[in-house]
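Here is a quick tour of one chain, going from charged pairs to strands and then to a pair of helices. Have the viewer open while you read.

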Amino acid sequence: MTSIYKSTEPSVSTFNTPSYNPQLVEGVNSVLIIGSGGLSIGQAGEFDYSGSQAIKALKEAEKKTILINPNIATNQTSHSLADKIYYLPVTPEYITYIIERERPDAILLTFGGQTGLNCGVALDKNGTLKKYNVKVLGTPIQTLITSEDRDLFAQALKEINIPIAESIACETIDQALDAAEQVKYPVIVRSAYALGGLGSGFANNAEEMKQLASQSLSLAPQILVEKSLKGWKEVEYEVVRDRVGNCITVCNMENFDPLGIHTGDSMVFAPSQTLSDEEYHMLRSAAIKIIRHLGVIGECNVQYALQPNGLDYCVIEVNARLSRSSALASKATGYPLAYTAAKIALGYTLPELPNPITKTTVANFEPSLDYIVAKIPKWDLSKFQYVDRSIGSSMKSVGEVMAIGRNYEEAFQKALRQVDPSLLGFQGSNEFGDKLDEALSVPTDRRVLAIGQALIHENYTVEKVHDLTKIDKWFLHKCMNIVKMYKELEQVEKLNDLTQDILQRAKKVGFSDKQIASSIKDPNVNEFDVRKLRKSFGIIPFVKRIDTLAAEFPATTNYLYTTYNATKSDVEFDEHGMLVLGSGVYRIGSSVEFDWCAVNTAKTLRNEGKKTIMINYNPETVSTDFDEVDRLYFEELSYERVMDIYELESSEGCIISVGGQLPQNIALTLFNNGCNILGTSPIDIDRAEDRHKFSSILDSIEVGQPDWSELSSVEEANVFAAKVGFPVLIRPSYVLSGAAMSVVNNEEELKNKLTLASDVSPDHPVVMSKFIEGAQEIDVDAVAYKGHVLIHAISEHVENAGVHSGDASLILPPQTLSDKVKADLKEIADKVAVAWKITGPFNMQIIKDGDKPLKVIECNIRASRSFPFVSKVLGTNFIEIAVKAFLGGDKVPKPVDLMLGKKYDYVATKVPQFSFTRLAGADPFLGVEMASTGEVASFGKDLLESYWAAIQSTMNFHVPLPDCGILLGGDLSKDYLGQVAAILAPLKYKLYVTNEAAQKYILQHIGETAGSIVKIIEFPKNDKRKLRELFQKYDIKAVFNLASKRAENTDDVDYVMRRNAIDFAIPLFNEPQTALLFAKALNAKLAEKMKILESKEVIIPSEVRSWEEFVGFRPM
């Protein structure tokens, strides 16, 4: 295979010498970058970060960048980065259209996760790259294929005598069962070409094997059966290689959890803590040998299994692309892997690049760290019904945190609090009862609490916990240091008995003020008392710089963390910058859209001449990239830490309304303790967050809302429900993404639900309101200044009210609202802005029930998750306007109305991205609790065209083509399903149902027209294998299941239908309005799609236009 790189001779041209003369790839002026699409489990914000860095590197090299990424919430999809942006499906089909239009010279495949890599392999295979003469920059395609195809990979490693777990590739269930006999149980099954261990799992016997293999084969054509090495250590190395063979290992990391848990679901420490020098160098040498042999050009990560008490090891896998671990490694070391990989892809060698941290030395170095980094995953499994909570070889976490400390205890406790602010640090939980041993030996998302319970409260020894968990004793002994500190604090009677010595030692092992307050005997001591005492002793944290050269060279980064294990700070506090609080960990309800808000806040502040300070601890984000702000603190977003930094920096002010709910929750405490909060006063924010105050103010300004009442007992609730009639909605105050909100249909449910909600907020009574069925929901995003609206956007939901706004499909500009309704909405926004004295961003959700007056159901006085969407669709940066409102005076722009009397010749639709595939058993039914992990959006000339492109942009969505089968089911008492069937029948699909009642109902709706036969199929509810055969036999390529409520149990036929559509990777429509919209889009676009697919020439469909072409100018 001929290389696009001319020379493989080592280069002597370093960037700071006269001989500097990099030999770059010739003939590359424009580069197409493949983004990763919507955020999903296994493929999240880390690719926004790595893609953004790649674009920065290409811009520096003066290359034109073309980006395809339908994830409108990301930072990379902004013109301040990419030159041209297409919000279209990341599929080989759509990438081909863009190549045909743009004729790029080269393509980058390794910055878009598994999605980007798979597309690249497909485009190479079908000859597209060759046809258009597009060069693949960086790691060659053949290397990507070798690293993804297990057989080729095993063969390549054998050639250089590197041990690999023995694996057998299988394409049928029988082959898989034979392979398992050959390798011997227990075995692990993985899918080739899958991300984050999708479709993988462990089997201990033939029965488990059968179940697992049938499911895995539905997700990938080939599965691998290999010997399980559960209990071995798992270690990872991030390696960089350039075209002439210079190699460095940038970071090595060790998993706290032994092998058997996917690395994305493991707690990870960097650098590794328990390896001997011999083990470390053995694995480092192997990593370099592997990537030289495979011919990687750029960045890659190598995962190892290491025998716990010997030198035996084997390679688990090699990702020849930027991964989740690369983002973590970049943030852990300060070495910008993605940026360097993009430069290497252009042909630069490592000595030719400056080390961006010191600016004076070269990039050809291996960082050495004088601190420890902890990464802990964030799971959101409690949001799903019937979900399997165990964690194993298939990833389930939705995000991760990273903490930096000068010792293990400090980093570990910081990270635990970052994952969940309700945790004090390393602690127990009494939820396990007498099942504690099981909770230790079977890993779940709660295992770390079980370890805490065992060591702190149940007096388990380190040996016993090690036997049950196989976690290295070194980690457990370190946890015991925290336990000893607890025991010491528990002896302290009252606040005045806390000596300077014990306080200092507690802070050094990562104890928070709140944790210390709750550990001593006096129940009346709170964190403010401890803080006051601590400061009186002069115990305050020091600020250290991330220094990757262990202080051998002066580091110039502004990349900081706080610690009590130091004697002086590394920085002067003379900038008095503006604090911006980031969004913290990605979870359901708070994701990359808030990162976009934080980054744009910092950009605007810098443009206005302000110094900026960012506090955030999420390694996947662009906001934690060291060149986005003047000072970056990789720190907790707790009251204690934010106030520490605010006081140290003598900060000018603090912005709390662009990071989602987390900063909002500490706003009032910060304000009450003297922090200068920019924008709307936290007292007014509290009047919107507290449901009771909120509802009373709406009444006083005569803005409609559903009937409501505040209740503190089940009796009161029953009386209210009887008055307004079921269904009713119950909700606690201060929630993010509808946590603990639920719709209740009868008295029995009400009693059950109220006991749940009172656990959620013991200090707050519950607010109950009438739930309006079948109404339309509308989102209003706006920015105000001193109570006057400066700008607003009105988006309409496709789904009826009752589906959480984060799971709803949004349409902008609105397509069905009259000018009168738009004017009424603006009037409500004006009244709300005045009543809450709003300065800055706010968002409202409003219900429109026929022609009745509009009713407000929610108001958040902060940026919402739709801010990037409305900013990009309307071409006006709402965050920029909000920041100018914060700064006030002559900075504040004049009000504009982008909604009334303005004509748009395009529509954009934002569609949720779900990750149900990853959450075994979870019921994919939508309600008031948010379930989506991300979003995608596309533009079109009308609603159908934009929805058509947007729905195809969700992961692995395949348009069902006639004459395939479509399975129909759900609620037969309403007309929705029949209306869908009536649109599908003339398109020549075969329609299937599971019972006679459904058959009769469908025939009534489609009429007995010729050929429209609706067949009943036998539906084996609990046999996965038979179900799979059934889907194959009838060629079922889509499922429409419009059930009216959640399943009572897992035998419910609608649940089985929905769940299997997910498990077999088939499009599922489970909500009436989106089902109808998709059917209409099929009707409008199918003929064109068929024509394009059958054509020899490339025909470009009408939705393939760049963002700039749709909007008519270059926004942002």
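A salt bridge here means that a side-chain nitrogen of Lys or Arg sits within 4 Å of a carboxyl oxygen of Asp or Glu. By that rule, the structure holds 67 salt bridges. Keep in mind that this is a predicted model.

**Charged pairs**

Three of these pairs are worth pulling up, and the table gives the N to O separation for each.

| Lys | Partner | Closest N and O atoms |
|---|---|---|
| Lys396 | Asp388 | 3.7 Å |
| Lys507 | Glu640 | 2.7 Å |
| Lys820 | Asp824 | 2.6 Å |

Take Lys507 and Glu640, where the closest N and O atoms are 2.7 Å apart. This salt bridge links distant parts of the chain: Lys507 belongs to helix α17 (residues 500–508), Glu640 belongs to helix α21 (residues 639–649), and 133 residues separate them. Are the two partners buried or exposed? Both Lys507 and Glu640 are buried.

The salt bridge of Lys396 with Asp388 has a mixed setting. Buried means under 20% relative accessible area, so Lys396, at 6%, counts as buried. Asp388 has 35% relative accessibility and counts as partly exposed.

The pair of Asp824 and Lys820 is a local affair. Both side chains come from helix α27 (residues 819–835), and because the two are four residues apart there, about one helical turn separates them. Asp824 is partly exposed, with a relative accessible area of 24%, while Lys820 is exposed at 57%.

**Strands**

Now over to the strands. An open sheet of five strands runs in the order β3-β2-β1-β4-β5, and its pairing is parallel. Its edge strands are β3 (84–86) and β5 (135–136), each of which pairs on one side only. Strand β2 (residues 64–68) runs parallel to β3, and three bridges join them. If you want a residue to click on, Ile66 has Lys84 in β3 as its bridge partner.

Strand β7 (residues 187–191) pairs in the antiparallel sense with two other strands. With strand β8 (residues 201–203), β7 shares three bridges, and Ile188 has Phe202 in β8 as its bridge partner. With strand β9 (residues 223–227), β7 shares five bridges, again antiparallel; there, Ser191 is matched with Ile223 in β9.

How many residues of β7 are buried? Five of its five residues are, and the strand is mostly covered. Val187, Val189 and Ser191 point one way from β7, whereas Ile188 and Arg190 point the other way, and all are buried. That list has a charged side chain in it, Arg190, which is buried along with the rest.

**A helix pair**

In general, two packed helices are described by the angle between their axes and the distance between the axes. For helix α6 (residues 150–159) and helix α9 (residues 277–294), the axes come within 10 Å and cross at roughly 115°. The crossing of α6 past α9 is right-handed.

Which residues meet where α6 touches α9? From α6 come Phe153, Ala156, Leu157 and Glu159, and from α9 come Ile290, His293 and Leu294. Sorted by class, this contact has five nonpolar residues, one polar and one charged.

Key: Residues are numbered from 1 along each chain as its sequence is written. This is a predicted model: local features need pLDDT of at least 70, side-chain atom pairs count only at pLDDT 80 or more; totals for chains, interfaces and linings use all residues. Side-chain values use heavy atoms; hydrogens and water are left out. Axes are lines fitted to C-alpha atoms, for helices over the stretch in contact, and angles run from 0 to 180 degrees between N-to-C directions. A crossing is left-handed if the near helix is turned anticlockwise from the far one by less than a right angle, and right-handed if clockwise. Contact means heavy atoms within 4.5 Å. Ala, Val, Leu, Ile, Met, Phe, Trp, Tyr, Cys and Pro count as nonpolar, Asp, Glu, Lys and Arg as charged, and the others, Gly among them, as polar. Buried means under 20% relative accessible area, exposed over 50%, partly exposed in between (1.4 Å probe, protein chains only). Two strands pair if DSSP finds at least two bridges between them.
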